[in-house]
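Here are a few exercises to work through with the structure open beside you. Try each task on your own before reading its solution.

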Amino acid sequence: MRIIDVLRIAVGNLMRNKLRTFLTVSGVVVGISTIVFLVTLGFGLQNLVIRKTTNLEALKVITLNSKNKEESKNLNSTLVQKLQDIPNVDVVTPSYYFSASIDGYEGLAPAIYAIESGHFEVYDLKTKNGKQFTNETAKEIIVNKKLVDDLKEDQNQIIGKSFKFKITGISQDDSTKTMDVELKVVDVLNDESPGKIGYSPFKVFADTNSNYYNIKVKVKNQELLPEVKKIIESMGFSTSVIKNQLGAINLAFAIINGLLGAFGMVALFVAAIGIFNTMTISLLERTHEIGIMKAIGGRDKDCSRIFTAEAATIGLMGGAFGMTCGWGIGRLLEVIINFLASKAGPADQVPGHLFYTPPIFTIGVVVFAFLVSTFAGIWPARRASKLNPLEALRYE
Amino acid sequence: MAKAPVIKINNLSKKFMLGDVEVQALQSVSLEIYSGEFIVFFGVSGCGKSTLMSMIAGLQPPSTGSILIRGEDLAKLNSNELAQHRRTKIGMVFQAFNLIQTMNVIENISLPLAFARISKGRRIKRAENLLEVVGMSKYKNRAPNQLSGGQQQRIAIARSLVANPWIILADEPTGNLDSKSADDVMRLLVSLNRKSKRTVILITHNPDYLQFADRVFYMQDGKVIKVEANAHAVTFNEKGKSATSSASKEDDFVIDDDTKDEVPDKPNTEETKAASDIPEENGNTENTTGESENKEEEVEAKN
Ligand SMILES: Nc1ncnc2c1ncn2[C@@H]1O[C@H](COP(=O)(O)OP(=O)(O)OP(=O)(O)O)[C@@H](O)[C@H]1O
Ligand SMILES: [Mg+2]
């Protein structure tokens, strides 16, 4: 029998029992839409977390650390030059790290990072007013919120004020050597760090005899990062990338998605039992019909294929509708939540996309529904094919 | 007769186990049936007629003995080949009509051709021709349960003919019919045998029908106890019945289908068209069905 004829008969049978077909397909729709809803929510939240916790620029950055004093000696301007020559490297920028004290503020010991102006994105720094340093050598400082608080200042009032800093640890040879410098606050960092931190222009400390604290390398795009990282590591440096944390986030969500998917799977399993049940009842009803088919020349295979095709059709319909329903419910919920959030709070609290449906997942789910249904139809189909036509013809 | 038999049955026995009780449905039956014969199996209920017929159709295997159809032992066929045997060599007609209720008339008739992988267009065309032959063209889109018993049986006969089988097996085809419908059905079967020389095997309880047979096999307790040849088997019209039914006109039984061009001319010009239905007479099995069948088996081989 041709596939087209098998399908014709199968679809004809499904159409004849519209209510039963509808109910069975509904079972699959519920199962599949549950899976789709939960898993796309998982994917969506994963993306949301990544979006809100890491900026995309930061994902292009490799940091060269120094584990000890020996290594830190190698982090120098020659190395910066060498790193610059690696293909696909966009920016190479070193930084200093000092501890400091402030005139008139007993016991306050902020950390001072000296960084190159113009590369704030490499450090994932965002200032309240969007200011950077006036120029490379400007005696300026950008302070974080915690430091503002400890200076007993207001975040708006502090801008423009100068403080006298005593910088320590400016020489690799003489640890007692210090440097006095008056720095003007140009902006406040938008951060929640518990440490007291200030950022100043790199060149202000160019005369010191200090080692670099680290060197940050920004690659041209994210995909190139592993390649560049490998090259740097082959040069004997230890590196760190923010991707490592991303891996942890992804892992956590892989587990969450798996659990959500498993919940949905329970629903689909129930649907599969429904298909099995429907096909078995259908088989019992059509025993006579199958007997006739065999008596007039239908092969065992033809009979089983009709049943398999029916189960598969149920699965395909359930998969397609379920996919659409799950997606639709997610979309609706997303619109509602975003609407409520935009009414209730500031714009940056609106979550945006909560559901994410990867294209592969779309196809995968429909294929999955198809496979599960076909599987549920195997046993009834086998029974149809093994049916003794004489027994079947006696059912009159 | 010098001719080889269409059906050759050797020492055939069939036992059934009903719990611990052994039922001997057939006992050492041997017989030969030749091409174009009209055979009647006659005997009381339970003597094994239906059992014998279902075994000729390959629906159940013998306990001992063998059945050869044109020299081919059914025991050597696998389940697919047996299905093909039923599809291409056997047309079955039952007392209970056995039409598929979920399909309309035209779908029922053409179903065997669907199993033979013949395209829908050709199937429908062939089925429509046969509908005309059995005088049922008006009813082609009816569901079987919207037809009378006699009409359903005519549809069933059309279905049995659709794949050009060598042998028609009719198991009490008139058993559920009133006498008028029964006459229509018998007229069809007889005409089918006389006009297109098909081998017809009829099981009946009605002694009136014995006169149509070339030979009658009398059965009792699973054995053939007597064979009676009838040199002057009557056809329906000779009986002088009121020939009112459209099916009674013998010329109506000519099957005018699209296979006629593919069949070599035969001396018997009157029967040329219908003769396309007799692959056994010219040994040409490459008819419509045969061709498609080969294609089907190719496809099967790949699976
Ligand atoms: N599947 C079976 N299991 C057990 N016994 C069977 C089976 N099929 C047939 N028989 C027995 O075999 C014998 C012959 O049965 P069969 O149906 O061939 O009779 P029949 O001649 O066709 O009778 P009827 O004229 O009533 O149709 C009966 O005794 C019947 O009970
Ligand atoms: Mg019987």
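Contact here means heavy atoms within 4.5 Å. Keep in mind that this is a predicted model.

**Exercise 1. Describe the contact between chain A and chain B: how many residues does each chain give, and how much area is buried?**

Step 1. Start with the residues. Chain A brings 26 residues to the contact, and chain B brings 29 residues.

Step 2. Turn to the area. The size of an interface is often given as the accessible area lost when the parts come together. Between chain A and chain B, about 2400 Å² is buried, and carbon and sulfur atoms give 57% of that area.

**Exercise 2. Find the polar links across the interface: which side chains meet in a salt bridge?**

Step 1. Recall the principle: side chains of opposite charge can pair when their charged atoms come close.

Step 2. Apply the cut-off, a Lys or Arg side-chain nitrogen within 4 Å of a carboxyl oxygen of Asp or Glu. Across the interface of chain A and chain B, this rule gives 1 salt bridge. It joins the side chains of A:Asp5 and B:Arg123, with N to O at 2.7 Å.

Step 3. Count the polar contacts. Between the two chains there are 9 residue pairs in polar contact, both residues being at pLDDT 80 or more.

Step 4. Locate the elements on the chain A side. Those that give two or more residues to the side touching chain B are helix 1 (3-16), helix 8 (287-295), helix 9 (300-344) and helix 11 (389-394) of chain A. Helix 8 of chain A gives the most, with 6 residues.

Step 5. Sort this side of chain A by class: 9 residues are nonpolar, 5 polar and 12 charged.

**Exercise 3. Characterise the site of ligand 1: where does the ligand lie, and which residues come nearest?**

Step 1. Place the ligand. Ligand 1 sits between chains A and B. Around it are 14 residues, of which B:Ser45, B:Gly46, B:Lys49, B:Ser50 and B:Thr51 come nearest.

Step 2. Check the polar distances from oxygen atoms of ligand 1. An N or O atom in the side chain of B:Ser45 is 2.4 Å from one, and for the side chain of B:Lys49 the value is 2.8 Å. At B:Cys47 a polar backbone atom is 3.3 Å from a ligand oxygen.

Step 3. Ask how much is covered. Ligand 1 taken alone exposes 630 Å², and the protein buries 71% of that.

Step 4. Describe the shell. Strand 1 (7-18), strand 2 (21-33) and helix 1 (49-56) of chain B each give two or more residues. Helix 1 of chain B supplies the largest share, 3 residues. By class, the shell holds 5 nonpolar, 6 polar and 3 charged residues.

**Exercise 4. Explain the placing of a pair within chain A: how far apart in helix 6 are A:Lys229 and A:Glu233?**

Step 1. Note the pairing. A:Lys229 and A:Glu233 form a salt bridge, their closest N and O atoms being 3.4 Å apart.

Step 2. Look at the helix. The two residues are separated by about one helical turn because they are 4 residues apart in helix 6 (residues 225-234) of chain A.

Methods. Residues are numbered from 1 along each chain as its sequence is written. Chains are lettered from A and ligands numbered from 1 in the order in which they are written. This is a predicted model: local features need pLDDT of at least 70, side-chain atom pairs count only at pLDDT 80 or more; totals for chains, interfaces and linings use all residues. Side-chain values use heavy atoms; hydrogens and water are left out. Buried area is the accessible area (1.4 Å probe) that two parts lose on being put together, summed over both. A polar contact is a pair of N or O atoms within 3.5 Å; within protein, one must be able to donate a hydrogen and the other to accept it, and residues adjacent in sequence count only if both atoms are side-chain atoms. Ala, Val, Leu, Ile, Met, Phe, Trp, Tyr, Cys and Pro count as nonpolar, Asp, Glu, Lys and Arg as charged, and the others, Gly among them, as polar. A residue is near a molecule or strand if one of its heavy atoms lies within 4 Å of it. Accessible areas come from the Shrake-Rupley method with a 1.4 Å probe; for residues, only the protein chains shown count as cover.
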